[in-house]
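Thanks for making the time this morning. I would like to walk through one structure with you, with the emphasis on cross-links and charged pairs.

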Amino acid sequence: MADEQLGVIVTLEVIDDEQYNVVKPATSKGPYPMKPVYLNAFLVMLSIWSEWSECSQCGAVGRRRRYGMCYVSRINEYKTTFKSNMTNSDEEISKLFEVYPDGIPCRSRILAPTIRNMLSVQQRPNEIMLGLCRIKFWFVTYPLNVSSDVGSTNSIQVQCKEAIVNIRSQSGEIIESVNNTAGIYSLLQNPPLQPPLPARRIMYVEPGERVIIICYGTTLLDIPFTWRVDTHEVSPRYLWSASGDRIHLNARDHIVIKHVLYSDARVYR
């Protein structure tokens, strides 16, 4: 008997100029995320949140963020009276959400125009939540013991500022201690991963243009970071005050220059 196969259709839509609001967690002073809005008796508009990003610091207070995307979703239980009085258009919309049970993004072309063009749907932005974080440990991988087969590893939690790894024998005795934080590794550990080569991009712009500088990174991880201009670290407050509100750092860590000057020709990293 032949194996059964299941076909799946994946729809990808990319929107990069989407507006968003910056919000804070409930433990902060706000502003807070927007509440769900009921569009009718069987549809609700709400923000669907991603997981938190990794913390930007280890052993110190860092930053993290997550994204709340505007979605339209079907209410699981809606009024029976409305269901019995549904028009053909309502039935088509209801069937669409059977195909997409998790909801449809507010600006998606898949969403029915009668819903997508609602004023409340058009005016609701996506959201970015910024929060503080502090982690005490990171994970270090090393062989299970000296006699282990190649590739057999184990992970332990190591304090951020004291990454002293103890290499133990099969009987559990410590045979070597090394400080990974200082870049010292044991020959009994797996070789440390080498940092990726930096990606470089040269931008040519005319004076007076609006410029957005984005660090795409090489780790493919969405982790908040600190910019350096030439060799100096810069904070969002410094960029804003030193430039007289001409340059600022947005919630996605993009440097936004409202109108570029010749003096902005620098190395940003």
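**Cross-links and charged pairs**

Let me begin with serine 53, which is buried, because its relative accessible area of 13% falls under the 20% limit. Please keep in mind throughout that what you see is a predicted model. Serine 53 sits in the loop that runs between β3 (43-49) and β4 (62-74), and if we set aside its neighbours within four places in sequence, the residues in contact with it are Arg64, Arg65, Asp222 and Pro224.

The loop between β3 and β4 brings me to the disulfides, of which the structure holds two. As a reminder, a disulfide is a covalent bond between the sulfur atoms of two cysteines. One of the two is formed by cysteine 55 and cysteine 133, with their sulfur atoms 2.1 Å apart. That pair links distant parts of the chain, since cysteine 55 belongs to the loop between β3 and β4 while cysteine 133 belongs to strand β6 (residues 126-133), 78 residues apart. Both cysteine 55 and cysteine 133 are buried, and their link is right-handed, with 95 degrees about the S-S bond.

The other disulfide joins cysteine 70 and cysteine 106, whose sulfur atoms are 1.9 Å apart. Here, too, distant parts of the chain are linked, with cysteine 70 in strand β4 and cysteine 106 in the loop between β5 (104-105) and α3 (113-116), 36 residues apart. And what is the handedness of the disulfide between cysteine 70 and cysteine 106? The torsion about its S-S bond is about -70 degrees, so this disulfide is left-handed. As for accessibility, cysteine 70 counts as buried at 3%, and cysteine 106 counts as buried at 1%. Cysteine 215, for its part, counts as partly exposed, at 35% relative accessibility.

Let me turn now to the charged side chains, where a search of the whole structure finds seven salt bridges; I will go through some of them. In one of them, the side chains of aspartate 253 and arginine 63 meet at 3.4 Å, N to O. Aspartate 253 lies in the loop between β14 (247-249) and β15 (255-257), and arginine 63 lies in strand β4, so the pair ties together parts that are 190 residues apart in sequence. Aspartate 253 counts as buried, with a relative accessibility of 1%, whereas arginine 63 is partly exposed, with a relative accessible area of 33%. I would also note that Arg63, Arg65 and Asp253 are linked in a network of salt bridges, and that Arg65 appeared earlier among the contacts of serine 53.

Strand β4 takes part again in the salt bridge between glutamate 98 and arginine 74, whose side chains meet at 3.9 Å, N to O. Glutamate 98 lies in helix α2 (residues 88-99) and arginine 74 in strand β4, so this pair ties together parts that are 24 residues apart in sequence. Glutamate 98 counts as exposed at 52% relative accessibility, while arginine 74, at 27%, counts as partly exposed.

Finally, aspartate 230 forms a salt bridge with arginine 266, with the closest N and O atoms 3.0 Å apart. Since aspartate 230 lies in the loop between β12 (228-229) and β13 (232-233) and arginine 266 in the segment after β15, the pair ties together parts that are 36 residues apart in sequence. Aspartate 230 counts as partly exposed at 27% relative accessibility, and arginine 266 likewise counts as partly exposed, at 46%.

Notes:
Residues are numbered from 1 along each chain as its sequence is written. This is a predicted model: local features need pLDDT of at least 70, side-chain atom pairs count only at pLDDT 80 or more; totals for chains, interfaces and linings use all residues. Side-chain values use heavy atoms; hydrogens and water are left out. Helices (H or I, at least four residues) and strands (E, at least two) are DSSP runs, numbered from the N terminus. Buried means under 20% relative accessible area, exposed over 50%, partly exposed in between (1.4 Å probe, protein chains only). Contact means heavy atoms within 4.5 Å. A salt bridge is a side-chain nitrogen of Lys or Arg within 4 Å of a carboxyl oxygen of Asp or Glu. A disulfide is a pair of cysteine sulfur atoms within 2.5 Å.
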